[in-house]
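Trainee: I'd like to look closely at a single part of this model and then see how it fits with its surroundings. Please take me through it residue by residue.

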Amino acid sequence: MPKGYVYILTNFTQSTLYRKYKCKYLVYYEAFDKITDAIDREKQLKNWHRDWKINLIKSANPNMLDLSDEVF
């Protein structure tokens, strides 16, 4: 069972990512066996440009659909 997750949320209009501005749609996540690996990945993604994050999201979720049902 995974010990840690990294996730990206967006708002209804998909105009912002992460936790601000009423972001409640899960569009990307990664699971890790070690919490330290999840923390390292989170730090890495925080330094990425927005376009890189969008490309990452679309590589796994091309339509940027809400993935909440997959996780919960």
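Mentor: Gladly, and let's fix one term first: a residue is buried under 20% relative accessible area, exposed over 50% and partly exposed in between, using a 1.4 Å probe and protein chains only. This is a predicted model, in which local features need pLDDT of at least 70 and side-chain atom pairs count only at pLDDT 80 or more, while totals for chains, interfaces and linings use all residues. Residues are numbered from 1 along each chain as its sequence is written, and side-chain values use heavy atoms, with hydrogens and water left out.

The part I'd pick is the loop between E1 and E2, and Asn11 is a good place to begin, since its place is in that loop. Elements here are DSSP runs numbered from the N terminus, with helices (H or I) of at least four residues and strands (E) of at least two. Asn11 is buried, with a relative accessible area of 11%. Its side chain makes polar contacts, meaning N or O atoms within 3.5 Å, where within protein one atom must be able to donate a hydrogen and the other to accept it, and residues adjacent in sequence count only if both atoms are side-chain atoms. One of these runs from a polar side-chain atom of Asn11 to the backbone nitrogen of Gln14, at 2.9 Å. The side chain of Asn11 also reaches the backbone nitrogen of Ser15, again at 2.9 Å. Setting aside residues up to four places away in sequence, Asn11 touches Thr16, Tyr21, Lys22, Cys23 and Tyr25, where contact means heavy atoms within 4.5 Å.

Gln14 deserves a look of its own. It sits in the loop between E1 and E2 and has a phi near 55°, a positive value in a residue other than glycine. With a relative accessible area of 32%, Gln14 is partly exposed.

Thr16, also in this loop, is buried at a relative accessible area of 15%. Beyond its neighbours within four places in sequence, Thr16 is in contact with Leu9, Thr10, Asn11, Tyr21, Cys23 and Arg50. The last of these partners comes from elsewhere in the chain: Thr16 and Arg50 are 34 residues apart in sequence, with 9.3 Å between their C-alpha atoms.

Next comes Leu17, whose contacts, leaving aside neighbours within four places in sequence, are Ile8, Leu9, Thr10, Cys23, Arg50, Lys53, Ile54 and Ile57. That list leads into the largest nonpolar core, which has 13 residues, and Ile8, Leu17 and Ile57 touch the most other members. Strand E1 (4-10), strand E2 (25-32), helix H1 (35-46) and helix H2 (50-60) each give two or more residues to this core. Such a core is a set of buried Ala, Val, Leu, Ile, Met, Phe, Trp, Tyr and Cys residues joined through side-chain atoms within 4.5 Å.

Now the aromatic residues. The structure holds two aromatic pairs. In one, the ring centres of Phe12 and Tyr25 are 6.5 Å apart and the planes meet at 50°, so the pair is tilted. Phe12 lies in the loop between E1 and E2 and Tyr25 in strand E2, so this pair ties together parts that are 13 residues apart in sequence. Phe12 is exposed, at 70% relative accessible area, whereas Tyr25 is partly exposed at 24%. The other pair, Trp48 with Trp52, is edge-to-face, at 6.1 Å centre to centre and 80° between the planes. For these calls, rings of Phe, Tyr and Trp (its six-membered ring) pair if their centres lie within 6.5 Å, and planes under 30 degrees apart are stacked, over 60 edge-to-face and the rest tilted.

What about the strands that flank the loop? E1 and E2 pair in the antiparallel sense over seven bridges, pairing being called if DSSP finds at least two bridges. Tyr7 stands opposite Tyr29 in E2. Five of the seven residues of E1 are buried, so this strand is largely enclosed by the rest of the structure.

Following E2 further brings us to Glu30, whose side chain meets that of Arg41 in a salt bridge (3.0 Å, N to O). Glu30 lies in strand E2 and Arg41 in helix H1, so the pair ties together parts that are eleven residues apart in sequence. Both Glu30 and Arg41 are buried. The whole structure has one salt bridge, counted as a side-chain nitrogen of Lys or Arg within 4 Å of a carboxyl oxygen of Asp or Glu.
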